[in-house]
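Let's take a friendly walk through a protein model, looking at how its strands pair and where its pockets lie. Keep the structure in view as you read.

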Amino acid sequence: MLLPFGKSRTLPAEAYTSREVFEWEFATFFMGSWMCLGRVADLASPGQIKAMEVGAETVLVSHDRNGVVWVFSNTCRHRGHEILAPGDAVDARLIRCPYHSWSYTLEGELKNAPTFSGSAEFDPSGFPLVPIRTGVWEGWLFVNLDGKAPPLETHMGNLADYLGVYRAAELERVAHHSYEVAANWKLIVENYHECYHCTTIHPALCRVSPPDSGRDVAPTGLWAGGYMLLKGDAETMSLNGRSDGRPFPGLDSDQLRQIWYVGLMPNLLLSPHPDYYLVHRLTPLTPDRTLVECEWLFRPEVASAGGFDPAYAVDFWDLTNREDWTACEGVQRGAGNRGFRPGPLSELETTLYQFYEMLAAAYLGEEMSPPSAPALKLVTVGLNAIEA
């Protein structure tokens with residue numbers, strides 16, 4: 001995998017089929033890094049708490065009335081009962097354990113412990129909810145469960161230099177689809193990072209975007225990606241190339257022709273378009289099964305406009321997603337055959353090489369670091385394409 005581009009190979013079958021590898025990856029890439037839980041606005045409103053499954057654990061998301069988001073281990077400090085059932089979201093003035101009624105503020109401080117609170121020997125400050133390391137970037141909530149990852153700012157690196165202009169924190173979710181894909185999580189990321197397959201399985205996509213128009217960028221964080229271009233007079237990625245929305249404010253003439261594809265380790269795929277923001281969030285379930293949450297984000301003034309219909313964006317990517325899932329599932333089945341062997345990378349798979357670099361470092365027991373500059377098709381922060 002780490003041989004120079006052009007000589008390197010893809011992953012072996014065990015990377016997609018082994019339970020042992022899957023569990024190690026979840027502990028390393030998901031629990032040991034900055035995992036995205038979703039959009040803050042869609043997880044919990046101010047004054048609300050929500051419990052979420054994260055692998056074999058559950059966490060409690062608390063959004064206090066000052067707008068600050070907290071994440072705690074979903075376990076009471078008395079006898080360890082879970083505070084809220086996974087998936088439940090409730091409005092609350094206090095966080096209350098249903099077992100013995102210990103209650104906590106939305107900031108996690110113990111407020112009341114029946115029969116204990118009157119004791120001079122009992123100090124409630126010693127029994128707060130256990131916090132989970134938390135960060136927010138552009139409206140997305142991230143957690144680092146083992147508490148050992150580098151700062152979130154380091155994880156992101158220079159990503160805002162490229163995507164900051166889309167002002168994602170201000171956007172609203174207008175549509176949402178869930179898919180359960182019978183494929184390993186890495187196969188979905190790999191497929192996302194290349195358009196070598198596009199002429200074979202994506203006729204609708206190829207009508208609005210040339211599959212060989214990709215340009216990679218040089219990350220300084222734990223992500224890989226770049227952009228592709230729109231064809232001719234296409235305004236966006238839709239079945240007819242037309243947009244039923246409005247371009248994001250502040251985009252220059254180059255950015256109005258670009259569709260971005262960025263894979264942020266380990267589970268967030270970000271794809272800003274000139275007029276909407278497509279997002280995929282991955283949750284690995286088993287070695288051969290992954291939950292994919294797909295969202296379409298728009299400017300609030302567009303989403304609230306009378307007669308607005310996001311179907312032009314949703315229908316296009318639902319079709320494209322399903323074509324991709326079929327392909328990923330085909331590779332998953334192929335990985336179970338004894339004839340499966342690691343293969344070479346095409347010159348249209350340079351972003352995939354960057355993804356492999358980050359994986360390989362962790363496989364070798366090293367700390368993940370930003371991938372190297374793209375072997376081909378490099379762009380600068382100024383977004384002017386140059387051939388490396």
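Start with a single pair of residues: Ile49 has Ser62, in strand 3, as its bridge partner. Strand 3 covers residues 57–63 and is joined to strand 2 by seven bridges, the two running antiparallel. Strands here are DSSP runs of E with at least two residues, helices are runs of H or I with at least four, and both are numbered from the N terminus. Two strands count as paired if DSSP finds at least two bridges between them.

A word on the model: it is predicted, so local features need pLDDT of at least 70 and side-chain atom pairs pLDDT 80 or more, while totals for chains, interfaces and linings use all residues. Residues are numbered from 1 along each chain as its sequence is written, and side-chain values use heavy atoms, leaving out hydrogens and water.

Strands 2 and 3 belong to an open sheet of four strands, ordered 4-3-2-5 with antiparallel pairing. Which strands stand at its edges? They are strand 4 (69–73) and strand 5 (89–91); each has a single partner strand, so one side of each lacks a neighbour in the sheet. From one strand to the next, the twist averages 20°.

Another open sheet has three strands in the order 6-7-8, again with antiparallel pairing. Its edges are strand 6 (95–96) and strand 8 (110–112), each with a single partner, so one side of each is left without a neighbour in the sheet. Two bridges join strand 6 to strand 7 (residues 103–104), and Arg96 has Ser103 of strand 7 as its bridge partner.

Now for the pockets. A pocket is an open set of points on a 1 Å grid over the protein atoms alone, where a 1.4 Å probe fits, with protein on both sides within 12 Å along at least five of seven lines; lining residues have an atom within 4 Å of a point.

| Pocket | Volume |
|---|---|
| Largest pocket | about 560 Å³ |
| Second largest pocket | about 340 Å³ |

The second largest pocket is lined by 18 residues, with Leu187, Glu190, Glu194, Val331 and Glu349 nearest its centre. Helix 6 (185–192), helix 10 (311–335) and helix 11 (350–363) each give two or more residues to this lining.

How do two of these helices meet? The axes of helix 6 and helix 10, lines fitted to C-alpha atoms over the stretch in contact, come within 10 Å and cross at roughly 125°.

Key
Grid points are joined across faces, edges and corners, and a volume is the space filled by probe spheres set on the points. Axes are lines fitted to C-alpha atoms, for helices over the stretch in contact, and angles run from 0 to 180 degrees between N-to-C directions.
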